[in-house]
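Trainee: I am new to this structure and would like a close look at a single part of it, with enough of the surroundings to place that part.

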Amino acid sequence: VAMETDWADAASGDASGGVVQWRQNFEEVVVRVPVAETVTRADVKLKVKPDQLKLEVGGAAVCSGDLAKEVDPDEASWQFETEDGRRSLVVTLQKVNRTAMKKVRIWPSLWVEQALDNEEG
């Protein structure tokens, strides 16, 4: 059974509006952003680089930043989900695991700035 973390706030310097949340298991990172019912697929722009994530909804960047570790841009996907009447946009990022050691696969945070903060204590 893959270890999966609970949703945690992934505050990034330039998150606008809703709270960006994230969770992870050994294989992937999932980012969740609240969106209005009026948002359509055409409003969503997802740009993923191995070390970067940029998500725009309706022309506004809802989360954008340098990722703590590497992902595979070709495997990135997103979809709308509704839970308890709240609609979210959910982005799934596939981790690039360069090691077989499970504990190394767990990211300290979603964004690299937070990872550095965490290491400095």
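Trainee: Before we turn to strand 8, in which element of the protein chain is confidence lowest, and in which is it highest?

Mentor: This is a predicted model, and within the protein chain the lowest confidence falls in helix 2 (residues 112-120), with a mean of 71, while the highest falls in strand 4 (residues 44-49), at 97. For the protein chain the mean pLDDT is 86, with 87% of the residues at 70 or more. One stretch calls for caution, since over residues 13-17 pLDDT stays under 50, and the model has seven contacts there beyond four places in sequence. Where pLDDT is low, the predicted coordinates should not be read in detail.

To place strand 8, it helps to start with the order of the elements, which from the N terminus on is β-β-β-β-β-β-β-β-α-α, that is, eight strands and two helices. Among contacts in the protein chain with a separation of 6 or more, 52% join residues 24 or more positions apart.

Strand 8 itself covers residues 86-95 and is mostly covered, with eight of its 10 residues buried, whereas 34% of the 121 residues of the protein chain count as buried. Strand 8 pairs with strand 3 (residues 28-34) in the antiparallel sense, through seven bridges, and in strand 8 it is threonine 92 that stands opposite valine 30. Strand 8 also runs antiparallel to strand 7 (residues 71-83), to which nine bridges join it, and here lysine 95 of strand 8 is the bridge partner of valine 71. Strand 7 and strand 8 form a hairpin with two residues between the strands, and in this hairpin aspartate 84 takes a positive phi near 50°.

The same strand can then be followed to the largest pocket, which holds about 230 Å³ of space. Its lining is made of 13 residues, and those closest to the centre of the pocket are Gln21, Arg32, Pro34, Arg86 and Ser88. Strand 3, strand 7 and strand 8 each supply at least two residues of this lining, and strand 8 gives the most, with four residues. Sorted by class, the lining of the largest pocket has six charged, four nonpolar and three polar residues.

Taken together, strand 8 is a mostly buried strand that is joined by bridges to strand 3 and to strand 7, and that also contributes four residues to the lining of the largest pocket.

Notes
Residues numbered from 1 in each chain as written. Predicted model: local features only at pLDDT ≥ 70, side-chain atom pairs only at ≥ 80, totals over all residues. Heavy atoms only, no water. Buried < 20%, exposed > 50% of the residue type's maximum accessible area, 1.4 Å probe, protein only. Pairing = 2+ DSSP bridges. 1 Å grid on protein atoms, 1.4 Å probe; cavity = no way out; pocket = protein on both sides within 12 Å on 5 of 7 lines; lining within 4 Å. Points joined across faces, edges and corners; volume = space filled by probe spheres on them. Nonpolar A, V, L, I, M, F, W, Y, C, P; charged D, E, K, R; others polar. pLDDT = per-residue confidence, 0-100. Contact = heavy atoms within 4.5 Å.
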